Amino acid sequence: MENKKIEQLKKYTIDNEQQAGLTTNQGLKMAEDEFSLKAGLRGPTLMEDFHFREKMTHFDHERIPERIVHARGVGAHGVFQLYESLEEYTKADFLNDTNKTTPVFVRFSTVQGSRGSSDTVRDVRGFAVKFYTDEGNYDLVGNNIPVFFIQDAIKFPDFVHAVKPEPHNEIPQGASAHDTFWDFVGQNHETAHMVMWAMSDRAIPRSLRMMEGFGVHTFRLVNKEGRAHFVKFHWKPKLGIHSQVWDEAQKAAGKNPDFHRQDLYEAIEKGDYPEWELGLQIISEEDEFAFDFDILDPTKIWPEEEVPVKIVGKLTLNRNVDNFFAETEQVAFHPGHVVPGIDFSNDPLLQGRLFSYTDTQLSRLGGPNFHQIPINKPVCPFHNNQRDGMHQMTIHQGQTSYHKNGLNNNQPEPVPVDQGGYEHYQEKVDGGKIRGRSESFLDFYSQAKLFYNSLTPFEQQHVRDAFSFELGKCKSEAVKNNAVELLNRIDRSIAEEVANNIGAVLPKDNLEVKSANKSPALSMATTVKKPDTRCVAILLNGEPDNAQLLQWVQALAANKVNFSIVDKNLHTIDGELKVTDTYDTADASLFDAALLISTNGKLENKAIEFIEMTFNHFKPLGISVSDYAALEKSRVTINEPGIFDLTKVTINNFVTGVAEARFWSRTV
Ligand code: HDE
């Protein structure tokens, strides 16, 4: 099955490294590609130069409209493997047969910025998965945050207009820290829960490989007997959920705007294939109204302690794209791409998405045949009576293209349900036509508070800092005051601290929602902690003891820790180890830890800067210095948590620190 997709993609692949003569798009071999056709060597270019015009016209049209949201993204191929059959819940073939390996394509993205924006901005991350199943493509188009800003799709254009760069000056890029976004938040309190997540560390992931994914909406699973269950989808990263700190994320955005893209690409190239487990939360139809929230409301989670996440399979990304544009840019996701056994709920946000995604592909990919683009093409056959249109790639044979027909035996004929034909779940619906919102959607604050209650003190501090930063960037006093007014309904202490930091008015009355409920699963503090694929900067200052250095790098490698050796210039050590970065090209914001090896009394300023930033970002720092007095010039305090003196502890102790990743109790 996996091979089927690879074979299919190969059919469309042209190996540009093969020895081949240059031709025009009509196959004409060209003898010259460097000079346009002119009337004399110093004369004007001629209209007759078809080769120049074809080449230039093609170039002029190289770009397609970027996605209106989620424009900045990166994709990779992989496989999905089911652990146990889910026959009890769904008839979806790829969720029934544990012998099947389903090929997938995943695209991660940020939401706000343009295609060229930086990776490490504070934003929601898209996590879109296309399963190429034997029954058709199934797209799980999710995010790394389990709730959304709004409850009804009709508000999406308003929300997006508010968060995008402001229309009069197109500022800011890749950031929600501006007036129109916070104006929207202040005026639309259904955003309360989502902004708590967006201001938490979840919105600044360390790596795309280290974040969760969520289907967000409530969907339906339907089994062979036609019995349905409500379901929410989760992706749980095997490397755990980890984030950057805000100052680090901002610095990394400048030092390497491709930080996440490169991290994913390099991990896959090295064979460190990222993995996520698929989890399902399942609620029976009878329990639809058993909760103190509405399960159709996309601004609500189902706390994992109330509805456990059942782990059912694994996604592995194991192959980078051959061509970014052809695959990552042209891939077209759609929550409406479903297979038998997967159906929708009446979540009004989901219902609206079902319209939007086909519509957007029409303008982005230029016509209705985007399913024929290799990355979008199903691995199973597809036949219908749709014909023609822009960029038709298929040569349909035969006389008929209508249903019902007598001339062609009524082919292609609808497939009965018991032979795999899709049938919508026959939910009984009854109601007057109405533009409105169910009262059961109106509690905006309880789960915002639940999220905050569930965080550890350092995570809560980060949330308060993020609100202070974002609102501190706003110019309008009214916008700031309204946002504080919202916070005052979630948690008085957040409102107090933020109002004080940004000079806003703290409302007289404490209107915070009274709830001490917690969901421990929402905190990242207890996540999986592993040293695998973390990257250590080995900072040289003076001539290292080569044998010792070799032993250390071997120990790092044995623990699957990556490293870069940094020195004043690039060179090879003892013909074996390569210095791969200089103090100019490396930056502490781009590494998980630093290991300083200094044999000089004097520490170079750039080495000091590096270890200070590592220290300030709560990261592990190993030191092996001949002269401790040199360290005193820096802000690093050696007896603080997460500082490993390798003259006293072993390299394996340091590796344990690399796995821990952050030492929040450090005084910085
Ligand atoms: Fe999307 N969204 N969205 N969205 N969305 C798009 O489709 C839309 C929403 C998500 O990597 C667009 O192809 C509406 C929630 C991802 O190619 C567009 C609404 C969630 C991606 C669109 C939402 C998402 C998109 C832009 C409110 C998480 C990137 C380009 C009803 C569950 C997919 C495109 C990729 C992309 C519409 C809300 C996830 C305009 C109308 C909620 C991951 O069609």
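**Close-up views of a predicted model**

**View 1. Strands 11 and 12 side by side.** Strand 11 (residues 535-541) runs parallel to strand 12 (residues 562-567), and 5 bridges join the two. The model shown here and in the other views is predicted. One residue pair can be picked out by name: Ala-537 has Ser-564, in strand 12, as its bridge partner. Most of strand 12 is covered, with 5 of its 6 residues buried.

**View 2. The open parallel sheet and the helix packed on it.** The sheet is open and consists of 6 strands, paired in parallel and arranged in the order 15-12-11-16-17-18. Its edges are strand 15 (581-582) and strand 18 (643-645), each of which pairs on one side only. Helix 16 (residues 651-660) packs on this sheet and touches strand 11, strand 16 (593-598), strand 17 (621-625) and strand 18. The direction of helix 16 makes about 150 degrees with that of strand 16.

**View 3. The annotated active-site residues, His-70 and Asn-143.** An unreviewed UniProt entry places the feature "active site" at these two positions, His-70 and Asn-143. They span 74 residues in sequence, but no two of their C-alpha atoms are more than 10.4 Å apart, so they gather at one spot. The annotated "domain: Catalase core", also from an unreviewed UniProt entry, is listed as residues 23-411. Over residues 23-411 the chain is 21% helix and 20% strand, and 41 Å separates the end C-alpha atoms.

**View 4. Surroundings of His-70.** His-70 sits in the loop that runs between helix 2 (50-60) and strand 1 (73-82). With neighbours within four places in sequence left aside, the contacts of His-70 are Arg-107, Ser-109, Thr-110, Val-111, Gly-126 and Asn-143. Thr-110 belongs to a strand pairing as well, since it stands opposite Arg-125 in strand 3.

**View 5. Surroundings of Asn-143.** Asn-143 is part of strand 4 (residues 136-143). Its relative accessibility is 8%, so Asn-143 counts as buried, the cut-off being under 20%. Leaving out neighbours within four places in sequence, Asn-143 is in contact with His-70, Val-124, Arg-125, Gly-126, Phe-127, Phe-148, Glu-212, Gly-213, Phe-214 and Val-216.

**View 6. Strand 3 and its two partners.** Strand 3 (residues 125-133) is mostly covered, 9 of its 9 residues being buried. Arg-125, Phe-127, Val-129, Phe-131 and Thr-133 point one way from the strand, while Gly-126, Ala-128, Lys-130 and Tyr-132 point the other way; all are buried. Strand 2 (residues 101-110) runs antiparallel to strand 3 and is joined to it by 7 bridges. Strand 4 also pairs with strand 3 in the antiparallel sense, over 8 bridges. In this second pairing the bridge partner of Phe-127 is Gly-142, in strand 4. Strand 3 and strand 4 make a hairpin, with 2 residues between them.

**View 7. The largest cavity.** A search of the whole structure finds 7 cavities of 30 Å³ or more, and the largest cavity has a volume of about 130 Å³. Its lining holds 18 residues, and those nearest the centre are Pro-146, Phe-214, His-234, Gln-281 and Ile-301. Phe-214 is also one of the contacts of Asn-143. Strand 7 (residues 228-237) supplies the largest share of the lining of this cavity, 3 residues.

**View 8. The largest pocket.** The largest pocket has a volume of about 2000 Å³. It is lined by 43 residues, with Ile-14, His-58, Asn-323, Phe-325 and Ala-326 closest to the centre. Helix 2, helix 8 (324-329) and helix 9 (348-365) are the elements that give two or more residues to the lining. Of the elements, helix 2 gives the most to the lining of the largest pocket, with 5 residues. Helix 2 also precedes the loop that holds His-70, which lies between this helix and strand 1.

Technical notes
Residues are numbered from 1 along each chain as its sequence is written. This is a predicted model: local features need pLDDT of at least 70, side-chain atom pairs count only at pLDDT 80 or more; totals for chains, interfaces and linings use all residues. Side-chain values use heavy atoms; hydrogens and water are left out. Two strands pair if DSSP finds at least two bridges between them. Helices (H or I, at least four residues) and strands (E, at least two) are DSSP runs, numbered from the N terminus. Contact means heavy atoms within 4.5 Å. Axes are lines fitted to C-alpha atoms, for helices over the stretch in contact, and angles run from 0 to 180 degrees between N-to-C directions. UniProt positions are given in the numbering used here, feature names are shortened, and annotations may be inferred rather than shown by experiment. Buried means under 20% relative accessible area, exposed over 50%, partly exposed in between (1.4 Å probe, protein chains only). On a 1 Å grid over the protein atoms alone, a cavity is a set of points where a 1.4 Å probe fits but cannot get out, and a pocket is an open set with protein on both sides within 12 Å along at least five of seven lines; lining residues have an atom within 4 Å of a point. Grid points are joined across faces, edges and corners, and a volume is the space filled by probe spheres set on the points.
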